[in-house]
Amino acid sequence: MSSSEGDRGGLSQAAPTNNTQDEFDNCTQTAATCSTAKTSKAELSLPEAQNSPVLDEVSPSSTSSFEMLDMESVPPPYQEVQPHWFFCRQADDSDSWHPFSREDSDKLENAFNTGGGEEDIVVAVEGERYDVHVKKRMRFAVYWDQGPTEVRRCTWFYKGDKDTRFFPYSEEFSKRLEEAYMIAVTLDEWKRKLDFPTGETVILHNPKLIMHYQPIGLQDEWVSSPSEQSRPCTVKRGVENIFVEIPDGEPEKVDHLVFMVHGIGPACDLRFRSIIQCVNDFRSVSLSLLASHYRRSQQEGHVGRVEFLPVNWHSALHGDATGVDEDIQRITLPSISRLRHFTNDTLLDLFFYNSPTYCQTIVDTVASEINRLHALFKQRHPDFNGEVSVVGHSLGSLILFDLLTNQRNRSRARGVPSGEHSALNSDTLEQMLTKLDLQQYLQTLLAENVDMESLALCQDSDLRNLGIPLGPRKKILHYIRKKRLPEDYEMAPGHQTLESGPPQVTSEGNQSSELLSQESCLHKKPSITGAVDYEYFDVGIGQVSIDYPQLAFYPETFFAFGSPIGMFLTVRGLKRIDPNYSFPTCKSFYNIYHPYDPVAYRIEPMIVSEVDLEPMLIPHHKGRKRMHLELKDSLTRMSMDLKNNVLGSLRTAWQSFTRPVAALPPVEEGEVTNDTTPEEDQAGVCTEAECSVSVEQTEQPDIEMGMLNGGRRIDCVLQEKPIESFNEYLFAIQSHLCYWESEDTALLLLREIYDNLGVAFEQPQQ
């Protein structure tokens with residue numbers, strides 16, 4: 001958008017000249033008298049009407065001629081314009097204005113009309129993810145950090161010759177235009193000219209043609225010709241007269257809540273958009289899919305919507321609290337500065353996650369942010385009783401995998417017999433503080449409604465924010481870890497792990513568990529790695545030893561997008577995942593990836609290694625296979641059939657050529673020749689039959705996938721687009737960032753969510 005658009009925004013403070021303002025006042029009073037008494041134009045005060053700045057003289061109609069006119073030719077009476085509320089979306093180089101949905105606009109208009117007091121009225125909009133302060137005309141984000149944006153009650157709009165969309169005038173400027181329009185309609189006198197102190201001019205030629213002329217000083221600097229300098233802006237009245245897509249309102253009922261964790265770096269796609277913008281796109285895609293694939297259920301009220309909330313951990317890692325950016329910047333070379341900045345801000349996140357210091361920061365940030373968003377969502381949606389799922393992209397999926405692997409299921413705690421409770425659960429908050437000689441902090445914790453369960457979810461930073469010193473904080477956290485999880489730091493006999501068999505390393509060297517235990521004793525104090533319990537990953541091969549926080553809920557499903565989980569587990573030394581293993585608190589797990597994604601790795605071969613199993617192909621959201629894939633399968637089947645026919649013909653010709661003709665007696669039906677045994681003949685027939693089996697049947701045998709996803713398939717592959725199949729290297733990076741706008745991915749999530757709710761899927765008709 002050019003700089004002139006910003007100048008047009010200054011029109012909000014502009015006002016007509018004094019003469020024009022006096023005329024506005026006089027004509028407004030005259031128009032009000034006309035409207036009340038329902039008099040004709042001849043009954044108006046003609047001197048006042050003639051004093052208006054009219055470009056061309058218009059001869060007034062006499063009373064007698066007006067009475068002779070048919071009543072249908074009388075211009076329609078003035079009708080007040082219907083406002084629509086817009087909000088400003090700020091970008092790096094320009095601002096754009098977007099309309100609220102009709103439901104949200106109506107709510108804001110009702111609050112505007114009823115709010116006569118001094119107190120500001122707050123209206124929740126856009127699925128209650130934003131709050132609008134009506135009097136301040138500002139829009140504030142609820143769940144994430146985002147600067148406030150301006151909100152307008154819009155009635156008049158303009159569009160320049162080079163603009164692609166209409167922009168709303170300020171409310172004050174729109175009010176002046178509406179007054180002039182009301183006078184022109186009431187008096188039926190057009191071609192009125194309105195001059196403003198800024199040198200701008202608005203001419204009302206007729207109800208359909210209103211132009212806004214700018215002075216030369218406000219034009220772009222590169223405009224030189226007089227014709228271009230005088231090119232006006234088109235002015236429209238009312239949102240119904242402009243080309244703008246007003247979004248549909250979101251259902252109030254929320255059926256499911258999903259938290260989405262991003263990967264490395266602050267940008268999530270090739271357009272360098274943040275996690276907030278990408279999740280907004282994913283939410284919009286899911287809403288459109290719900291309207292098309294669950295239409296009947298939505299009409300019957302069985303389906304509401306799925307809420308997606310972003311989880312941002314990158315800003316906390318690279319913020320002032322850690323100071324890691326300053327430390328890295330001091331040792332960064334000055335050459336190729338842009339590339340080095342990209343490396344420091346993005347690629348180094350992989351190394352930070354393998355650092356014991358910053359891995360703890362990342363995991364704590366993800367868990368605390370998810371718990372904060374969950375508590376805030378429950379506060380704003382007190383009637384919500386649905387399930388919660390988590391989504392991780394790239395490194396975010398690995399963070400969630402490690403976090404979910406280290407969750408504690410209180411209903412089936414390891415090492416504790418059924419029916420018994422740990423000492424922590426039996427103690428009250430007061431009893432625990434008495435044992436630790438910290439009774440003075442009881443009122444501090446009670447003032448924040450902290451009980452034993454919530455205290456177990458607290459981190460060191462939470463207790464520090466309550467004003468508890470370092471020494472008491474460490475005592476409390478150590479007591480919780482020791483009393484609640486005493487079995488997590490030792491291997492019980494028959495303990496279930498990700499690896500099947502005893503906890504020993506099977507790589508080169510074949511170190512025994514006894515030798516490992518001796519080494520762990522020798523290096524116990526400084527050790528951050530080792531080969532112990534992989535179910536919780538407290539101290540895993542290649543995995544740093546940190547304290548994993550607990551989530552405030554049990555996730556129903558974990559979706560991994562473009563995930564390197566399989567690669568990281570292999571690098572850590574894990575060769576196989578026990579088929580009996582499952583997440584302690586999460587029931588389902590899906591590994592979703594694009595076939596050309598260079599960061600994605602599979603999971604199923606680590607569970608079932610004896611079978612070469614193809615991944616599950618995710619159906620197209622339109623209910624069909626992509627045409628180029630269908631063509632590829634058809635060509636594969638044709639080539640196999642052709643190969644079988646050619647081989648069969650050659651085999652028959654060779655046999656007939658090598659057999660002596662005289663030694664060939666006539667073979668009756670059901671007999672077997674001397675050259676082939678019944679077993680050989682049957683084997684040959686079976687081989688040809690097996691070769692003609694379709695690809696889908698040979699690729700999808702019925703195999704149990706273990707308990708990580710309840711026995712169901714885990715690896716799910718997207719269908720590549722036709723253009724992507726021409727050069728897979730060219731679209732490799734894009735393939736890793738395509739999940740946020742993928743309709744097929746969103747539909748897979750929705751089907752899993754609503755299948756668990758028992759809602760029928762509806763394939764739309766083509």
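Start at the surface, where Ile336, Leu339, Phe342 and Leu347 come together as a nonpolar patch. Between them, these four residues have about 370 Å² of accessible area. To find the spot, look for helix H12, which covers residues 337-353 and includes Leu339. Keep in mind that you're looking at a predicted model.

So how far does the predictor trust its own picture? The chain has a mean pLDDT of 74, and 67% of the residues reach 70 or more. Some stretches score lower, though. Residues 412-425 stay under 50 in pLDDT, and the model gives them 15 contacts beyond four places in sequence. Another such stretch is residues 660-699, also below 50, with 23 contacts in the model beyond near neighbours in sequence.

Now for the sheets. One of them is an open sheet of seven strands with parallel pairing, and you can trace it in the order S14-S13-S15-S16-S17-S19-S18. Which strands stand at the edges? They are S14 (305-311) and S18 (616-617); each has a single partner strand, so one side of each is left without a neighbour in the sheet. Further in, S17 (residues 588-593) pairs with S19 (residues 715-717) in the parallel sense, over three bridges. If you want a landmark there, find Tyr593, which stands opposite Val717 in S19. This sheet also has a helix packed on it: H8, residues 275-293. H8 touches S13 (254-261), S14 and S16 (557-561), and its direction makes about 170° with that of S14.

Next, try an open sheet with antiparallel pairing. Its six strands follow the order S2-S1-S6-S5-S4-S3. The edges here belong to S2 (95-99) and S3 (122-125), each of which pairs on one side only. Ignoring direction, neighbouring strands of this sheet are turned by 30° against each other on average. Zoom in on S4 (residues 130-133) and S5 (residues 138-141), and you'll find an antiparallel pair held over four bridges. Within that pair, Asp131 has Phe140 in S5 as its bridge partner. While you're looking at strands, here's a handy rule: in a regular strand the side chains alternate between the two faces of the sheet.

Last stop: a run of hairpins. Strand S9 (residues 192-195) and strand S10 (residues 201-206) run antiparallel and are joined by four bridges. Leu194 is a good place to check this, standing opposite Val202 in S10. What lies between S9 and S10? Five residues do, making the pair a hairpin, and Gly199 in the turn has a positive phi of about 90°. From S10 you can carry on to S11 (residues 209-213), again antiparallel, this time with five bridges. Here the bridge partner of Thr201 is Tyr213 in S11. S10 and S11 also make a hairpin, joined through two residues.

Note on methods
Residues numbered from 1 in each chain as written. Predicted model: local features only at pLDDT ≥ 70, side-chain atom pairs only at ≥ 80, totals over all residues. Heavy atoms only, no water. Patch = residues over 30% accessible without salt bridge, like charges linked within 9 Å, V, L, I, M, F, W, Y side chains within 5 Å. Areas by Shrake-Rupley, 256 points an atom, 1.4 Å probe, with all protein chains shown as cover. Salt bridge = Lys/Arg side-chain N within 4 Å of Asp/Glu carboxyl O. Pairing = 2+ DSSP bridges. Axes fitted to C-alpha atoms, helices over the stretch in contact; angles between N-to-C directions. pLDDT = per-residue confidence, 0-100. Contact = heavy atoms within 4.5 Å.
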